[in-house]
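Please look at how two helices pack against each other in the model shown here, and at how their contact relates to the nonpolar core.

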Amino acid sequence: MRKFLTSSASGSFGVPGIPGIVLVLALLALLGTGCVSKTTTADSDYDRANALRKDGHIDDALPYYTEVINKDKNLSHKATAYYYRGYCHEELGDFSSAYRDYMASQVVACYMDSQDLPSRGEQRGMLIYALCSDLAPDSTRKMRAKISDEMAAWAEGEVKKMLPPAYFKR
């Protein structure tokens, strides 16, 4: 990218026939209109999943939440992605997967809360606290009542495999 933006003798920034100022103005215009993303892939997956879920496209949101869970380094995104993926599974009638994800959401959120990890703003911090203390536990209990002991044991085992051991210590 640096070589691309280095001005040549012709002033074209490495693009034949385009003066440097025109190229810079075009890039700024694209950034301002949202045609060039200013967010990371993980952020865009998170935003896309939430938009699809809010629009009622539950099936379509699931893979984006999974991408956030697998790739996003932001634990706050991870905790909420687990919660909303659980919600999507619940809406689709997959109660054992919903139970697993609600439980994982609670574990990640409580880990963040116990470690006083930053969560990008007071509102996000309140959400993490709510996931740890109310939302995820209530949803987990609700799903537990809908599944067999065997499926609950499976889900609990999956959560222990998915998350680092440190998340379970308090």
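What follows goes from the geometry of one helix pair to the residues in their contact, and then to the core.

In this predicted model, helix α6 spans residues 95-115 and helix α8 spans residues 149-162, and their axes come within 9 Å and cross at roughly 40 degrees. Angles under 35 degrees count as roughly parallel and those of 65 to 115 as roughly perpendicular; α6 and α8 are therefore oblique to each other. The crossing in which α6 passes α8 is right-handed.

On the α6 side, the contact is formed by Ser 96, Ser 97, Tyr 99, Arg 100, Met 103, Ala 104 and Val 107, which meet Met 151, Ala 152, Trp 154, Ala 155, Glu 156, Glu 158, Val 159 and Met 162 of α8. By class, the residues of this contact divide into 10 nonpolar, 2 polar and 3 charged.

Ser 97, which lies in α6, has 8% relative accessibility and therefore counts as buried, the cut-off being under 20%. When its neighbours within four places in sequence are left aside, Ser 97 is in contact with His 89 and Trp 154.

The largest nonpolar core comprises 37 residues, and those with the most contacts inside it are Tyr 99, Val 108, Leu 163 and Tyr 167. Two or more residues of this core come from each of α3 (41-54), α4 (58-71), α5 (75-91), α6, α7 (122-144) and α8, and α6 gives the most, with 11 residues. Tyr 99, again leaving aside neighbours within four places in sequence, is in contact with Thr 140, Met 143, Arg 144, Ile 147, Ala 152, Ala 155 and Glu 156.

Key
Residues numbered from 1 in each chain as written. Predicted model: local features only at pLDDT ≥ 70, side-chain atom pairs only at ≥ 80, totals over all residues. Heavy atoms only, no water. Axes fitted to C-alpha atoms, helices over the stretch in contact; angles between N-to-C directions. Helix = DSSP H or I, 4+ residues; strand = E, 2+ residues; numbered from the N terminus. Parallel < 35°, antiparallel > 145°, perpendicular 65-115°, else oblique. Left-handed = near helix turned anticlockwise from the far one by under 90°. Contact = heavy atoms within 4.5 Å. Nonpolar A, V, L, I, M, F, W, Y, C, P; charged D, E, K, R; others polar. Buried < 20%, exposed > 50% of the residue type's maximum accessible area, 1.4 Å probe, protein only. Core = buried A, V, L, I, M, F, W, Y, C linked by side-chain atoms within 4.5 Å.
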